[in-house]
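This briefing is intended for a reader who is meeting the structure for the first time. Please keep the sequence and the model in view while reading the points that follow.

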Amino acid sequence: SSSLGASPARHEARQHIKQLHQSLTQAALRLGTSHCIVEQARLDLKLLRKHEKELGWSELERFHLAAIQEALEGGDLGVIQNYVMAATVSPLGKAHAVVRYGKQRLEALTKERTRLEFEDLELTQIYELDVVRNEAGGLVKALSTASKLLGAAHPAVEAGRKDLQRLQKDEQCARFEKMCEAAADDIAMAVGEEDEVTLTAAIARADKAGLGPAHPIVQGGRAALTQMRREHLKEERVQR
């Protein structure tokens with residue numbers, strides 16, 4: 001990684017400052033502090049120090065910029081953040097262009113990394129939902145996980161919820177059909193026995209099970225019971 005150190009140009013400026021300061025001190029002793037040569041030397045020394053300071057500032061900018069760029073190439077968000085923070089707390093300060101550049105790039109990379117991670121998570125959850133789309137128990141669990149990770153309004157979650165509703169409706173229909181078959185067999189058996197009490201009980205069981213009085217099986221049972229009673233009455237009259 002980059003390390004901060006005086007460049008040859010800055011080192012040379014420091015040498016000139018040192019030499020000029022020594023010469024200025026000697027000239028002031030010989031000629032006096034107000035002599036024109038001493039005053040000019042004092043101005044030259046001031047300019048030289050300003051130049052050396054500017055060189056140092058430029059080197060500081062280059063140092064932090066190089067460090068941030070090197071970290072960006074590495075792609076480690078933690079390392080990038082550390083170098084941006086180092087530039088922020090340096091004499092450059094948070095408002096400097098190098099610091100702003102580092103923060104902007106860090107923010108962009110963080111957003112991109114987050115987007116890619118979410119896309120990977122999204123694909124995984126979509127796959128998990130698709131695997132169990134025809135299995136109610138597994139789909140309930142997969143929907144719970146996907147809702148937490150992707151959000152309840154995500155298209156994949158909404159599609160999974162519709163699949164679950166379809167499965168639950170199919171299961172409900174299957175249970176109802178099975179109940180209808182059982183009720184129909186029960187009533188048919190009672191009709192075969194030609195026993196009014198048994199048929200009445202079979203009709204009541206079908207009604208209570210959930211078919212309801214308007215269901216064709218219940219109505220058919222009642223019609224059969226009415227017919228059975230008529231036949232039994234006829235038989236009783238004939239016997240008399």
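The largest nonpolar core of this predicted model has 13 residues. Within this core, the residues with the most contacts are Ile187, Leu199, Ile203, Ala206, Leu211 and Ile217. Helices H6, H7 (196-211) and H8 each contribute at least two residues to the core, and H7 provides the largest share, with five residues.

**Salt bridges**

- The structure contains 11 salt bridges.
- In general, side chains of opposite charge can pair when their charged atoms come close.
- One salt bridge joins the side chains of glutamate 107 and lysine 111, with an N to O distance of 3.3 Å.
- Glutamate 107 and lysine 111 are four residues apart in helix H4 (residues 97-131), so about one helical turn separates them.
- Glutamate 107 is partly exposed, its relative accessible area being 44%, whereas lysine 111 is exposed, with a value of 54%.

**A linked network of charges**

- Asp130, Arg133, Asp163 and Arg166 are connected in a network of salt bridges.
- Within this network, the side chains of aspartate 130 and arginine 133 form a salt bridge at 4.0 Å, N to O.
- Aspartate 130 is partly exposed at 47% relative accessibility, and arginine 133 is partly exposed with a relative accessible area of 32%.
- Aspartate 163 and arginine 166 also form a salt bridge, in which the closest N and O atoms are 3.6 Å apart.
- Both aspartate 163 and arginine 166 belong to helix H6 (residues 155-193), where they lie three residues apart, or about one turn of the helix.
- Is aspartate 163 buried or exposed? Aspartate 163 counts as buried because its relative accessibility is 14%, and buried means under 20%.
- Arginine 166, by contrast, counts as partly exposed, with a relative accessibility of 31%.

**A negative surface patch**

- Which residues gather in a patch of negative charge on the surface? The patch is formed by Glu194, Glu231, Glu235 and Glu236.
- Glutamate 236 is located in helix H8 (residues 216-239), a helix that also supplies at least two residues of the largest nonpolar core.
- The relative accessible area of glutamate 236 is 41%, so this residue is partly exposed.
- Glutamate 194, another member of the patch, lies in the loop between H6 and H7.
- Glutamate 194 is exposed, with a relative accessible area of 53%.
- The backbone of glutamate 194 has a positive phi of about 55°, although the residue is not a glycine.

**Glutamine 69 and methionine 85**

- Glutamine 69 is situated in helix H2 (residues 36-74).
- With a relative accessible area of 36%, glutamine 69 is partly exposed.
- Glutamine 69 and methionine 85 are 16 residues apart along the chain, and their C-alpha atoms are separated by 14 Å.

Definitions and conventions:
Residues are numbered from 1 along each chain as its sequence is written. This is a predicted model: local features need pLDDT of at least 70, side-chain atom pairs count only at pLDDT 80 or more; totals for chains, interfaces and linings use all residues. Side-chain values use heavy atoms; hydrogens and water are left out. Patches are made of residues with over 30% relative accessible area and no salt bridge: like charges are joined within 9 Å, nonpolar side chains (Val, Leu, Ile, Met, Phe, Trp, Tyr) within 5 Å. Accessible areas come from the Shrake-Rupley method with a 1.4 Å probe; for residues, only the protein chains shown count as cover. Lys and Arg count as positive and Asp and Glu as negative; His and the chain ends are not counted. The place of a charge is taken as NZ of Lys, CZ of Arg, CG of Asp or CD of Glu. Buried means under 20% relative accessible area, exposed over 50%, partly exposed in between (1.4 Å probe, protein chains only). A nonpolar core is a set of buried Ala, Val, Leu, Ile, Met, Phe, Trp, Tyr and Cys residues joined through side-chain atoms within 4.5 Å.
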